[in-house]
Amino acid sequence: MSRSVLKVILGLLMRVLYRPVVEGIEHIPGEGPVILAGNHVTFIDSMFLSLVVERQVYFIGKDEYVTGKGVKGRLMAWFFTTCGMIPVDRDGARGGVAALMTGRRVLDEGRIFGIYPEGTRSPDGRLYRGRTGIARLAMMTGAPVVPFAMIGTDKVQPGGKGMPRIAPVTVRFGAPLDFARYEGMDRDRYVLRAVTDEVMSHVMRLGGQEYVDIYATKAKAA
């Protein structure tokens, strides 16, 4: 009920203010496990993704988003969890494993799991090298990967901060990718890299971003 109310209210505001163009939504299966893998240019990408996809989309988020105190903290926790965010402590060596196992659980339950293979928001609007967790997840679960591209959300919330602005937004989905041919090879680092690069290649073509073959975290550190 909470998700339905939130989707109706925010969906109406989104359609009135942003009039998003949604392309290729038919590529998302109506049932069964699905991995949505796309670019990440600003904080509100997950909100747009959750609102344009009819099925519930689950994704990983920082646990700090749901641990705030007071009325504001409770409202934030309600908002993010209703949107489908699963809080995970992603800091430290165990963060990646926790995120991977959470994604696997969601997919094993036949749900949709959204993931940003870059691992963090792009620091400059370009598309960066994908982390191989997306490949491992696809190969462990057998779930199809539907690539997507967020176009224009960086103009809505430049830098991922501040109040959202009014700007045109397009969410574009590509055809599902099947990696069943690599079954049992989820520990082969060359296969993991090849699968990840294939996913990122589709994301790049969908969004038209310039590709940079380094990790976004390294670009941010520099």
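This report walks through the overall build, the surface and the buried parts of the protein.

## Overall build

Keep in mind that this is a predicted model. The fold is a mix: eight helices and nine strands make up the secondary structure. If you drew a box along the principal axes, the C-alpha atoms would fill roughly 45 × 40 × 30 Å.

How does the radius of gyration fit with a compact globule? For 222 residues, a compact globule would come in near 17 Å, and the protein has 17 Å, so the two agree. As for how the chain meets itself, take the contacts with a separation of 6 or more: 78% of them link residues 24 or more positions apart.

## Surface and charge

About 11600 Å² of the protein is exposed, and 56% of that comes from carbon and sulfur atoms. On the charge side, there are 30 positive and 22 negative charges, and their mean positions sit 6 Å apart.

## The largest nonpolar core

Going inside, 46% of the 222 residues are buried. The largest nonpolar core has 29 residues, and the ones touching the most other members are Ile-35, Phe-113, Met-139, Val-145, Phe-179, Val-195 and Val-199. Several elements chip in two or more residues each: the strands β2 (34–38), β3 (57–62), β4 (85–88) and β5 (112–115), plus the helices α4 (95–108), α5 (133–141) and α7 (189–207). Which element gives the largest share of this core? That's α7, with six residues.

Val-199 is a handy residue to click on if you want to see how this core is put together. Skipping neighbours within four places in sequence, Val-199 is in contact with Ala-37, Val-145, Leu-177 and Phe-179. Two of these partners, Val-145 and Phe-179, are also on the list of residues that touch the most other core members.

There's another core too, lying apart from the largest one, with 23 residues. Its members include Leu-10, Ile-28, Leu-36 and Met-150.

## Two helices up close

Is helix α2 (residues 45–52) mostly covered or mostly open? Mostly covered: seven of its eight residues are buried. Those are Asp-45, Ser-46, Phe-48, Leu-49, Ser-50, Leu-51 and Val-52, so named here for anyone colouring the helix by burial.

Helix α5 has its own buried set, namely Ile-134, Ala-135, Leu-137, Ala-138 and Met-139. Met-139 is a name you've met already, as one of the residues touching the most other members of the largest core. Just past the end of α5, Gly-142 takes a positive phi of about 75°.

Notes: Residues are numbered from 1 along each chain as its sequence is written. This is a predicted model: local features need pLDDT of at least 70, side-chain atom pairs count only at pLDDT 80 or more; totals for chains, interfaces and linings use all residues. Side-chain values use heavy atoms; hydrogens and water are left out. Helices (H or I, at least four residues) and strands (E, at least two) are DSSP runs, numbered from the N terminus. The radius of gyration is taken over C-alpha atoms; the globule rule is 2.2 Å times the number of residues to the power 0.38. Buried means under 20% relative accessible area, exposed over 50%, partly exposed in between (1.4 Å probe, protein chains only). Contact means heavy atoms within 4.5 Å. Accessible areas come from the Shrake-Rupley method with a 1.4 Å probe; for residues, only the protein chains shown count as cover. Lys and Arg count as positive and Asp and Glu as negative; His and the chain ends are not counted. The place of a charge is taken as NZ of Lys, CZ of Arg, CG of Asp or CD of Glu. A nonpolar core is a set of buried Ala, Val, Leu, Ile, Met, Phe, Trp, Tyr and Cys residues joined through side-chain atoms within 4.5 Å.
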